[in-house]
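Me: Please take me through this protein at a careful pace, and explain each term when it comes up.

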Amino acid sequence: MQSNQALGRTGETLAAEYLENHGYAVIDRNWHCRTGEIDIVATDQNYLVFVEVKTRSNTSFGHPFESVTTSKVARMRRLANEWCLAKASPGFRIRLDAISVLFCSGQVKIEHLKAIS
């Protein structure tokens with residue numbers, strides 16, 4: 001059994017690959033600032049997409065998307081603003097997405113929710 005950190009890293013890698021396979025360009029991963037971390041930043045046409053990745057090995061504590069709460073979305077908005085200020089990326093519309101990576105019975109299931117805000 002993987003540690004939670006290793007499982008999370010694996011999930012983020014799979015989520016980044018998923019995005020790239022669906023036409024996104026991943027431009028930043030695990031960006032940190034004093035107030036938190038953004039898992040993935042990608043572009044999708046004229047959108048700058050900030051992605052929260054939730055990875056689970058089972059659904060004992062609910063579906064991964066259940067942990068994307070209103071307060072988590074508000075935090076993502078603040079972090080996206082800080083990223084934009086630090087990286088100076090004009091000309092893009094902003095979108096917040098969530099990706100669920102669920103390892104269950106030897107299978108990997110990836111779900112992508114767009115525009116969670």
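Reply: Strands (E, at least two residues) and helices (H or I, at least four residues) are DSSP runs numbered from the N terminus, and two strands pair if DSSP finds at least two bridges between them. The model is predicted, so local features need pLDDT of at least 70 and side-chain atom pairs pLDDT 80 or more, while totals for chains, interfaces and linings use all residues. Residues are numbered from 1 along each chain as its sequence is written, and side-chain values use heavy atoms, without hydrogens or water.

Me: With that in hand, which residue in β5 is the bridge partner of V101?
Reply: We first need the two strands involved, and here β4 and strand β5, the latter made of residues 107-113, pair in the antiparallel sense over seven bridges. V101 takes part in this pairing, and its bridge partner in β5 is I110.

Me: How many residues lie between β4 and β5 in their hairpin?
Reply: The two strands are antiparallel neighbours in the pairing, joined over seven bridges, and together they form a hairpin that includes S105 in its turn. Counting along the chain from β4 to β5, the number of residues between them is two.

Me: Is S105 buried or exposed?
Reply: S105 lies in the loop between β4 and β5, and its phi is near 55 degrees, a positive value in a residue other than glycine. To classify it we use relative accessible area, where buried means under 20%, exposed means over 50%, and partly exposed lies in between (1.4 Å probe, protein chains only). Because its relative accessible area is 73%, S105 counts as exposed.

Me: How many of the 12 residues of strand β4 are buried?
Reply: Strand β4 covers residues 93-104, and one of its members, C104, counts as partly exposed because its relative accessibility is 38%. The strand taken as a whole is nevertheless largely enclosed by the rest of the structure, and this follows from the number of its buried residues, which is nine.

Me: Which residue in β4 is the bridge partner of R56?
Reply: Besides its pairing with β5, which is antiparallel, β4 also pairs with β3, and that second pairing runs in the parallel sense over 10 bridges. One of the residues joined in this way is R56, whose bridge partner in β4 is L102.

Me: What is the C-alpha separation of T55 and G91?
Reply: T55 has its place in strand β3, and it counts as buried because its relative accessibility is 11%. G91 stands 36 residues away from T55 along the chain, and the C-alpha atoms of these two residues are separated by 31 Å.

Me: How many bridges join β1 to β2?
Reply: Turning to another pair of strands, β1 and β2 form a hairpin with two residues between them. In keeping with that arrangement the two strands run antiparallel, and C33 has its bridge partner in β2, namely G36. The number of bridges that join β1 to β2 is seven.

Me: How far apart in space are R29 and A42, C-alpha to C-alpha?
Reply: R29 has its place in strand β1, which is made of residues 25-33, and it counts as partly exposed because its relative accessibility is 33%. A42 is 13 residues away from R29 in sequence, and the distance between the two in space, taken from C-alpha to C-alpha, is 8.8 Å.

Me: Near what value is the phi of N30?
Reply: N30 lies in strand β1, and because its relative accessibility is 28%, this residue counts as partly exposed. Its phi deserves a careful look, since N30 is a residue other than glycine and yet the angle is positive, with a value near 50 degrees.

Me: How many disulfides does the structure hold?
Reply: A disulfide is a pair of cysteine sulfur atoms within 2.5 Å, so the question is settled by looking for such a pair among the cysteines. The number of disulfides that the structure holds is zero.

Me: Which cysteine has the sulfur nearest to that of C84?
Reply: C84 is in no disulfide, as we would expect in a structure that holds zero of them. The nearest cysteine sulfur is 12 Å away from C84, and it belongs to C33.
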